[in-house]
Amino acid sequence: MAKKTVISAKEKKRVAAIYALLEKTYPDAACTLDFRSPLELLIMTILAAQCTDARVNIVCEELFKKYKTVDDFADAPPGTLEKAIHACGFYNQKARSIRQSCTMLREEYDSKVPENMEDLLRLPGVGRKIANAVLGECFHQPAVVVDTHCKRVSNRLGFTRNTDPTKIEMDLQKLWPEEQWTMFSQYMVHHGRAYCQARSPKCLECPLYDLCPWPEKTPRLHES
Ligand code: SF4
């Protein structure tokens with residue numbers, strides 16, 4: 001039988017304090033992809049792999065003028081979709097995922113993006129990160145999105161010791177009530193960009209400094 005994780009009262013207090021500080025630091029935190037429908041977010045999250053959200057927003061501003069429906073993507077003639085998403089990188093693979101996913105949506109889901117994890121994971125090119133983003137942002141379901149920022153920042157803050165995204169997701173789910181999962185995911189992205197960058201994090205300016213156990217964080221002068 002799996003051993004149940006017990007979180008100490010002290011750790012619960014630290015985790016709650018971090019959430020409160022993140023809430024205060026990023027009062028306007030929101031998804032950084034400009035989507036208007038579940039289909040748009042699905043396409044954008046497929047395009048966002050190995051690409052910045054800013055670039056995806058620029059590419060999709062034009063893309064969504066031409067491609068508006070599941071049929072538009074599923075029936076895109078060879079080469080056209082690839083050209084339209086070229087700037088996002090890995091365009092052949094991403095175009096294939098989009099075409100195949102939209103074909104499946106049309107044939108099996110009445111051209112609608114499903115509202116549950118199991119069905120979303122059936123779509124080609126869709127993993128838990130994309131599925132959680134769609135469930136949390138579009139359908140307001142509890143969902144922890146483990147992207148590169150969440151992975152790095154959560155490890156540094158001591159929320160997980162895992163590197164596998166699914167295990168990280170499970171670890172993070174134990175720390176907060178479900179209604180905080182989606183916002184927590186967004187805070188991780190914002191904090192990863194603003195302070196806790198992969199290289200040269202701004203530890204001395206970070207509002208979470210006193211609560212962060214990362215052994216490699218920059219020491220304060222009087223501590224060194
Ligand atoms: S103190 Fe440094 S490592 Fe810790 S969360 Fe802040 S920026 Fe990241």
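In this report Ala, Val, Leu, Ile, Met, Phe, Trp, Tyr, Cys and Pro are taken as nonpolar, Asp, Glu, Lys and Arg as charged, and the others, Gly among them, as polar. On that basis, the lining of the largest pocket divides into ten nonpolar, twelve polar and five charged residues. The structure is a predicted model.

**Domains**

The domain assignment splits the protein chain into domain 1 (9-29 + 144-211) and domain 2 (38-139). Ten residues of domain 1 and seven residues of domain 2 take part in the contact between them. Taken over C-alpha atoms, the centres of domain 1 and domain 2 are 27 Å apart.

**The largest pocket**

The volume of the largest pocket is about 640 Å³. Its lining comprises 27 residues, and those closest to the pocket centre are Asp53, Lys129, Asp147, Val189 and Arg193. Three helices each supply at least two residues of this lining: helix 8 (128-139), helix 9 (148-156) and helix 11 (181-194). Because domain 1 and domain 2 both give residues to the lining, the largest pocket lies between them.

**The largest cavity and the ligand**

The count of cavities of 30 Å³ or more comes to one. The largest cavity holds about 110 Å³ of space. Of the 15 residues that line the largest cavity, His191, Cys196, Cys203, Cys206 and Cys212 are the closest to its centre.

What takes up the space of the largest cavity? That space is taken by the ligand. Around the ligand are Arg156, Leu157, His191, Tyr195, Cys196, Pro201, Cys203, Cys206, Tyr209, Cys212 and Trp214. The five residues given above as closest to the cavity centre, His191, Cys196, Cys203, Cys206 and Cys212, are thus also among the residues around the ligand.

**Composition by class**

The table sets out the residue classes of the two linings and of the ligand shell.

| Site | Nonpolar | Polar | Charged |
|---|---|---|---|
| Lining of the largest pocket | ten residues | twelve residues | five residues |
| Lining of the largest cavity | eleven residues | one residue | three residues |
| Shell around the ligand | nine residues | one residue | one residue |

In the lining of the largest cavity, eleven residues are nonpolar, and in the shell around the ligand nine residues are nonpolar. The lining of the largest pocket, by contrast, has twelve polar residues beside ten nonpolar ones.

Notes:
Residues numbered from 1 in each chain as written. Predicted model: local features only at pLDDT ≥ 70, side-chain atom pairs only at ≥ 80, totals over all residues. Heavy atoms only, no water. 1 Å grid on protein atoms, 1.4 Å probe; cavity = no way out; pocket = protein on both sides within 12 Å on 5 of 7 lines; lining within 4 Å. Points joined across faces, edges and corners; volume = space filled by probe spheres on them. Helix = DSSP H or I, 4+ residues; strand = E, 2+ residues; numbered from the N terminus. Domains from an automatic or database assignment. Near = heavy atom within 4 Å. Sits in = over half its atoms within 2 Å of the grid points. Contact = heavy atoms within 4.5 Å.
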